[in-house]
Amino acid sequence: PLIVVMGTQGRGPPPGLSEADWRSDSLRIDLSKLSRRGRLATDTLSGHHVQLDNPALVVSAIREVLRAVP
């Protein structure tokens, strides 16, 4: 299982990514497809640091992955 968590608040790209690449969802969609059980979770309340902006979402995603592991 794989969950790619993405904040959608505009805070600019992290170091090493262009603005165009950062704004494109294709990178995150590609990452989520690395697993047959992968998915993309977006959060409108968070920016780049989802773990700081919305830790409950991150904890929920981790628990979901752990429940899915046999």
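Charge first: the chain carries 9 positive and 7 negative side chains. Take the centre of each set, and the two points sit 9 Å apart. Keep in mind that this is a predicted model.

As for the fold, there are four helices and two strands. Going along the sequence, they come in the order β-α-α-β-α-α. Contacts reach a fair way along the chain, too: of those with a separation of 6 or more, 63% join residues 24 or more positions apart.

Here are some whole-chain numbers in one place.

| Property of the chain | Value |
|---|---|
| Box filled by the C-alpha atoms, along the principal axes | roughly 40 × 25 × 20 Å |
| Share of the 70 residues that is buried | 24% |
| Exposed area | about 4,900 Å² |
| Part of the exposed area supplied by carbon and sulfur atoms | 57% |

Now zoom in on one residue, Ser46. You'll find Ser46 in the loop that runs between strand S2 (38-43) and helix H3 (50-53). Is Ser46 buried or exposed? Its relative accessible area is 0%, and buried means under 20%, so Ser46 counts as buried.

Which residues does Ser46 touch, once its neighbours within four places in sequence are set aside? The list is Gly7, Thr8, Gln9, Asp53 and Asn54. One of these partners, Asp53, falls within the 50-53 range of helix H3, the helix at one end of the loop that holds Ser46. If you have the structure open, Ser46 and its contacts with Gly7, Thr8 and Gln9 are a good place to look.

Key: Residues numbered from 1 in each chain as written. Predicted model: local features only at pLDDT ≥ 70, side-chain atom pairs only at ≥ 80, totals over all residues. Heavy atoms only, no water. Buried < 20%, exposed > 50% of the residue type's maximum accessible area, 1.4 Å probe, protein only. Contact = heavy atoms within 4.5 Å. Areas by Shrake-Rupley, 256 points an atom, 1.4 Å probe, with all protein chains shown as cover. Lys, Arg positive; Asp, Glu negative; His and termini not counted. Charge placed at Lys NZ, Arg CZ, Asp CG, Glu CD.
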